[in-house]
Structures are given as structure tokens and as C-alpha cells.
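I opened the notebook to jot down what I looked up here, strand by strand and charge by charge. Come along if you like.

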Amino acid sequence: SIDLRLLVRATMAEPAAKRAKKEEEAEEAVAPMEEEEQKEEEAAKALQPEARKDDEAEEDSPADKSPKIKGCVTFLTKDTTMNVMPSSYGNILVPLTDGGLQYLLAGARASVGVKSGRYMYEVKVIENTSTAEDPQVKLKVGSRHVLKLGFSMDTASLLVGEGDQAVCFDSEGTLWIGKEQKKTVAKKFGSGDIVAVLLNLDASSANCLTVSLFVNGKRACKPQALPENLVGKTLFPCMTFKNVLIHYNFGPEQIEPLPFTCRMLQTASAADVVVKPAPAASAKPEVLFPVFLPDEGTFDWLDIFLEEHRDYTELSDRAILRWAELSGLVRPKGYAARTCNDKPEYSFGIPTMDDGSIRKTLMSIAPIQARNYVIMEVKANLLKSERAELLARWAGAGFKIAANVMMGDPPASIKERTHAILLKEKQAVSDADFKKKKDEEKKKLEAAKKQKQLEKQRALVLKRQKKAAEKARKKLENVRKRKEAEAKGEEFVEEEEPAEDDKEEDEKEEEEEPAAMDEEPPQVELSPEEASQVYIKGSSKDLVDHALNTSFPKFTIPQKDEGFDSVVFEWLKEAKCRAHLKDWVQAKKTTTRIEALKPGDWFAEKSKEWQKILATWHAKSTSYKSGIAKKAADKAAKQAKKLALKAQEERKKVLADKKAAAAAAEKAAVDKEVVEAKAAGEGEEEEAVVEATPAKEAEPEEAMDAGTEEAEEQAEPEEDTSAFDKLDVYGVDDVLDALDGEPLFSRFGFEDWALMSLRAELHLLAYAFARDVDDPDRGGMHVDLVGFYYQKYFKRPLNHKLYGVDTVEELMVLLRDTIVVSRKDKVLEPQVPDNFESQGIFIMLTEEARRVRQRRVDLGDDTAKLRMQQAGINGVAPLGTRSLAPVNPKASGPGAWQQPKPGWNQW
């Protein structure tokens, strides 16, 4: 061709050196590949016995004239996974590879099982299919191509690798027993190879109870023994594959003859096999819609149902996750982690899996496969609109559509299964603890025994050393005595030493203590609480909170006119079932939050009014406290002036005293000189004696006349607080002027402002909730949901711990004069009418509570003290308001309060 000529011309045009270099590089690249292939062939030869007939342990099948099976060996639809599409001719199994199915294993089990004799079947690998995908996805899906061929029990999973009821060989030459990968027994096989699997249950054969693999007519491995649990069981040909197109052959003729004659499964004697009948052409497959209330045994019932009805296929997200797990897909969070059971997130990191494409693909092909289905949708099966969407998929597809309603008290089978699982788990924990305890005791005994042996050996060594020393001493003593006897000329007779007993008592080995008999672990029993448990409490709920909260009010029981052929009530009769659903919805309304609830206009209007009133009160409080502070400042200034004048007077008095003392001293000196002069005779009459009398100092003038000083020193009269304390808080007409311009909240500390605001807010919240919900079946707002609705209405969180309590219900106790929690339903019940004429009622309630609290504190009741955290609650008190503490517990009034000192009231 033109292309070939161009290629030859281009090759010839290349320099010889360049061509030689390319040839060398090609040879170097091919050499490792050839070496690798040679190693694989040698390894396979080591595993593979010679295929000569003389060396084959199997013998030719004898002629058999017994009745043969009727009909063709095939794959019933119920015995294949949903991604297997048998061809209409050519005996080809095609795996679906669209919408994420390329990542899941496909499985098929034949309709004829072997219980005796020796039979085989063949599979030809037509091709390995490939699909374009992200390179990162390859790391999460395991092997791209998988093929496993073998035999399994009829109760085994269609996917080899789940349970222990199958034995097979994979395309890597590995033997699998159940889900355990045992060992490599043969070389690899793949595209173009004809693979035969032989099952020998012939009691007269040397290879009885074995399974063998043949590739292209040659034995690929020695006969492999069947697992003990499969001996005596009927075994069906099974195939598990992924992205592999295969042609199966059950006979009557072989595609590739073996070294010996062997009967194909299609020619099996009727007495050697079990044939599963095909469903009657007139029989309609069933689509079952189980209807359960969330977390009331939904999946417990489903597991029991599938165990008893193995011909049903589960259609659910749970089933897809399980399928993916058996297919080897990597789920980063693991398969145990899921937000709920009904709609668990996939989270594989594979687009066609995570975006729900695989679910859509399965739902689209389900109606064209004649098999029984269980549509396990917890929420959708309870909602009429979603049931309609599901039913539309099956309309006209030739299925019998049934709804089974299970509500109320479950049957004994559910309870027994629950108790059996709980007991098994509890026993496993007890056994583990028992084993751990016994292992610790065993270690202690072994350590004690070892220590005892060491002590015994040490004592034995010391004793031997002592004997050796004694023997040496006696020997020296005999030498000395012999010399003395020879010196005296006497004959020395050496004393004979007693023979040592080889079986000395100390050297006798102690008899080993008999080992204690292995004790059986104690058998546990369920506690009364566990015995009363009806359902298994898993780590995940059936529905996430948001899905449940937004849908449960619309839950309904299916009716035949929706498109069902039958509606069966299994646990309760229809009337009781509907009553049970109504009671359940009523109870759920009380305890379930309304996600879509929005504050209405009434709340918005009342909230603005409240903020305006609160601002007025804050302003009045600030103004009043400013006036009190100004009076206090003026009084302090006058007191300071008085103290300054007093200090000045004291300084003047000290100065006058000093001057008087100096004058007295001078006068005393003059008097002394006069006395001395008279005594000396100097008494001239004409000389006048001048008496040195100091000039009298004027007494310091008073700073003020007595009357003025009295007027200035007179203290302002103390304010009389008893009148305010005796006020009837509920008799005050205006909370802004309770008495002589003093507001009723003049004594409020931060705690009082915070509790007063919370009183008004919860009062408003309770009434607004009832208006916005507008549902007479809801008794009110449940105490556990107060925080949720408080955030929704006021746009800020309600942290009850900042108020010094551990629960919201304890917080309601502080506000019990405004709102209480009902004992029956635990809902909020306002104590103040919503149309009360004045918001000042909250000031009155708070002032009354403050007085009661103060009286309790005065009496020594420390439990009355509030332990609130001011730092976490902002905007509820006027600026500058602090928590107040009494200076004297017995005092009251403005003068009896000050800022708290550390340690008085630990919040």
C-alpha cells in the first residue's frame, strides 16, 4: 500500500547508524518483556502438571444410559445480578458498563447444580471491555477486569467473595474459598482463552471431592480439595466478572477437548443434579413496597425477609453501597460511616457513583428484567407524591405491585432476632474480657513458676558449692593428719566418705502442678432494659433530621387507588394502623422542629414594639443613675471641702500653739533675770523693771461663725428607702416613676435586666410560634427545641449555660412566673396573656423575683444566688450596668449596694 511504501522509503532514508541505534533500543526494550514472559511460563510449568494422558489422574467418563436432564442449562434472571445481560443467542453474558455499573462486579449462577458425579463447563473469554475514565478513579475501583469461575451453593451470594459457600479460580490463577484468597495454583488466563472448570463428586474416582481448572484443553492446576463445608452440598456453576465479555458452554459438546473424556453439565444424569424450575410464563413478578415508620424495624424486617425470600432483589441505596463494597470500591470514610440508612451518601470520589447516576441506571433497567423486587424507600414509601413517581416506573411493565404496611407492635420474629443479636454482641464482649483476664492470670502464673525455678536452681548451686568446699576442707584435714601420723610413726587410716545419693531430695524435680482445666466463659443474659428493646439501635438513623422534620406531617398509608394491586396490613389491622400513624405524627409534631418555619408579621411588629420599650427603659435607667451619681458627686465635693477647711483650721491651731509656747519661754527667761538682779543687790528704784510680757497674740479667727459652720457641717438627710422597699410592685401605675421619680427597675443589676429581657422574649416567642405554625395538633413548643426556634426568630443563639444552669428546662424554672414547662408534653405554657395592656408586667415580675431572691440570700440560702456570665450576654442591660452584690446581707436600698468584690458571687 501507499502507507507501507512511504514507511519503507522513510526507513531506508535514515542513516545506517541511526537505524542501528533504534534497533538496539528496540531490542533492549523487548528483552525485559521476553524475560518476564519466560519467567511466567516457567512458573506456570512448575504449577501445571504435564497434560499427557498417561500422567492424568482423571479417567475417561464411562458410558451412561441413565435418564438425562430435560431442558437447557441456563441462567435464571433471579440468579443474576442486575448488570448482567444474557444475549439472545450465542450464550454470551454481557456486563453493563453505563452510569457507574462498570465499577461493580457482575454475578451469575446456573440453573443446574451438581450433587454427585463428575461434570464440567467451559467459558471463553471473548474480550476485556474498557471505558474512558479519570486516572484518579483507577486508584479507587481496584482491578479493572475481573473473572472468577467456580461452583457455589444455591444460598450463596451471586458475587463470589461474600460468605463461605463458594469455591472458584480467578483470572490470576488464584484459588478462592469463599471470600478468602488462598493461593496461586495456576497461570493467568485472559482474552481468547477457553477455560474449563471440573467438579468431581464421583465417589469411585481418586480425585473425588475436588475441583480442577483447565486452560485451552490442558490441566492448569492439580485437583484442589473442596472445603469441608461444601462437601455433601449441591453445587451450581457460578461466574463473577467485571468488564469482561464471556461465552459460556454447558454442553453437550466441548469447545476444547481435555486429555480425558468428561461429561458436560448439559448431558448430566437427572439423578446426579438438581434442576431449578423456570418461573411459569403466566406468573407475574412482584414489586413490593414495604411501608414503615422511621426507626421502627425497617431494615430488621428487610434482612429477615431477604433471608426467607432469596428470589427478591433489594432496590435501595443501602444495597448499592453493599454491592460496591463487595466489588472492592474504596470509600474514604469506610462503609460503616453513613448519615442515615434510607439515603446514605456515596462519597466514593467517583462522579458517576456520587451523583446518583448508578441509581438512575438501575431504576431504568429494573422494569425490563422479570424478577421480584423490594423497593426499600423509607421516606418515599410514606409520601403519596413520591409513591406516585415510583409507581409510574412500573406502570404497564407486567408486574404485580403490592404495598405491605408494617406499623405498631412487631411480630415475635423481629423481637427474637433483636434479642439474639444483642445477646451475641454482649456475649462476644464478655468472652473477650474473659479471655483477656485468663491470659493475664496465665502470664502471672508462668512468671511465678519461672521465678520459683530460678530460686530452686540458685539454692541447688549454693548447696553444691557448699558440699565441694566441705569436701576440699576434709581432704586438707586428711593430708594434715597423715603427715602427723607419719611423724609419729603411726598408721593413718583415712575415713571413708559416705557415698553421695544421686537422688538427693534437693535435686529431685518437683512434680509439675497439673494445668488447670480450661474454664468456659460465663454465659451472659440480657438486662431488663435490653430485653425490652424491640429494634436494633444502629449507629445511623433511618432518616436524617432535616428529611424527617420536613416530611413527616405528610406521611400517609398507601391505598389501592394509587395504583397498587394490593395493600396488606401485616402487624396491625388497617383502622388501628391509621390510628397508630396519627398518634405517631402527633407525638412527632411536639418533638420535631419545623425547618421551614419563618417568623410572621405579628412577631415582627411586636418585636419592634418591645425593642422600642426596652430602649426607653434603658434610657430612663441611665438618666436616673446619672442623677444619683451627680448627687453622690456633689455630696462628695462638699465633704472634700469640709475636710479641707478642717485641715486648714488644724494647721492654724498648730501654728498658734507654737507661737504661745515661744512667748511663754521668753517670759520665763525675763523673769529669771529679774530674780537674779534682785539677789545681786541691784535694786535701784529709779530703774524701772520692764516686765517682758509677750504681746498677746490674737486668737485665730474661726473660719466661719458658729451658725454658718453648723449649717455647712450639717449632713444632708439620708434618703429614706423603706418606702420603696414597701411598694407593691403590682400596684405601680408607671414603672418609670414608681416613687418620687424613681423607676421600679432602679435596683436592677445585670442579672435582673437579662432575666427581664428573656421573660419578654420567650413570652413573645411562644405566642408567635403558635400563630406562625397555625396547627391545632401541635400542643406548643417543646422545651428541647427552644434554642432552635430562639435562633430562628431572634437571629442569635440562646446559651442556657450563660445563665448558670445546665439545661433549658432549668432555665425555665428561673422564669416560672412568666412561662412554665408542662409535665405531660414538655411544651412551653405562657403565664401572661398575649394581649396584656402593658409590657411593664415584665419589670414587675422581675422586681418581685429580685426581692424574693434577696430575702432568701439574707436568710443564708446560697442556692438563691445567680451564677450568670455577664460577658456572654450583651445588649440586655443599659450601658454601664454591672452585676450588683449586697455589702451587708441585712441592708437594702441604694446605699446598701456596690460593685461586687471577688469571691462574693462566683458565677
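**Entry 1: a strand with two faces.** I began with strand β21, residues 566–569. Its covered face carries V567 and F569, while S566 and V568 sit on the uncovered one. A reminder to myself: this is a predicted model.

Next I looked for the neighbour of β21. Strand β20 (residues 400–405) runs parallel to β21 and is joined to it by four bridges. For one registered position, I noted that N404 stands opposite V568, a residue of the uncovered face.

**Entry 2: an enclosed strand.** How many of the residues of strand β14 are buried? I checked residues 236–242, and seven of the seven are buried, so β14 is largely enclosed by the rest of the structure.

I then sorted the side chains of β14 by direction. F236, C238, T240 and K242 point one way, and P237, M239 and F241 point the other way. Both sets are buried, the charged K242 included.

Which strands pair with β14? I found β3 (residues 106–109), antiparallel to β14 and joined to it by four bridges. I also found β6 (residues 146–152), again antiparallel, with seven bridges to β14. To fix the register, I wrote down that R109 has C238 as its bridge partner in β14, and that V146 has K242.

**Entry 3: salt bridges.** My search of the whole structure returned 44 salt bridges. As a general note, side chains of opposite charge can pair when their charged atoms come close.

I picked out D79 and K276, whose side chains meet in a salt bridge at 2.5 Å, N to O. D79 is in the loop between α2 (16–47) and β1 (84–86), and K276 is in the loop between β16 (273–275) and β17 (286–291), so the pair ties together parts that are 197 residues apart in sequence. I checked the cover too: D79 and K276 are both buried.

Then I turned to D303 and R318, a salt bridge with the closest N and O atoms 3.0 Å apart. This pair links helix α4 (residues 298–308), which holds D303, to helix α5 (residues 317–326), which holds R318, with the two positions 15 residues apart in sequence. Is each partner buried or partly exposed? D303 has a relative accessible area of 23% and is partly exposed. R318, at 18%, is buried, because the cut-off for buried is under 20%.

My last pair was R856 and D861, with the closest N and O atoms 2.8 Å apart. R856 is partly exposed at 35% relative accessibility, and D861 is partly exposed at 25%.

I also followed shared partners. D300, D303, E314, R318 and R417 are joined into one network by salt bridges that share partners, so the D303 and R318 pair above belongs to that network.

**Entry 4: a charged patch.** Where on the surface does negative charge gather? I found a patch made of D733, D734, D737 and D740. I placed D733 in the loop between α15 (722–725) and α16 (750–773). With a relative accessible area of 82%, D733 is exposed.

Note on methods: Residues numbered from 1 in each chain as written. Predicted model: local features only at pLDDT ≥ 70, side-chain atom pairs only at ≥ 80, totals over all residues. Heavy atoms only, no water. Patch = residues over 30% accessible without salt bridge, like charges linked within 9 Å, V, L, I, M, F, W, Y side chains within 5 Å. Areas by Shrake-Rupley, 256 points an atom, 1.4 Å probe, with all protein chains shown as cover. Salt bridge = Lys/Arg side-chain N within 4 Å of Asp/Glu carboxyl O. Charge placed at Lys NZ, Arg CZ, Asp CG, Glu CD. Buried < 20%, exposed > 50% of the residue type's maximum accessible area, 1.4 Å probe, protein only. Pairing = 2+ DSSP bridges.
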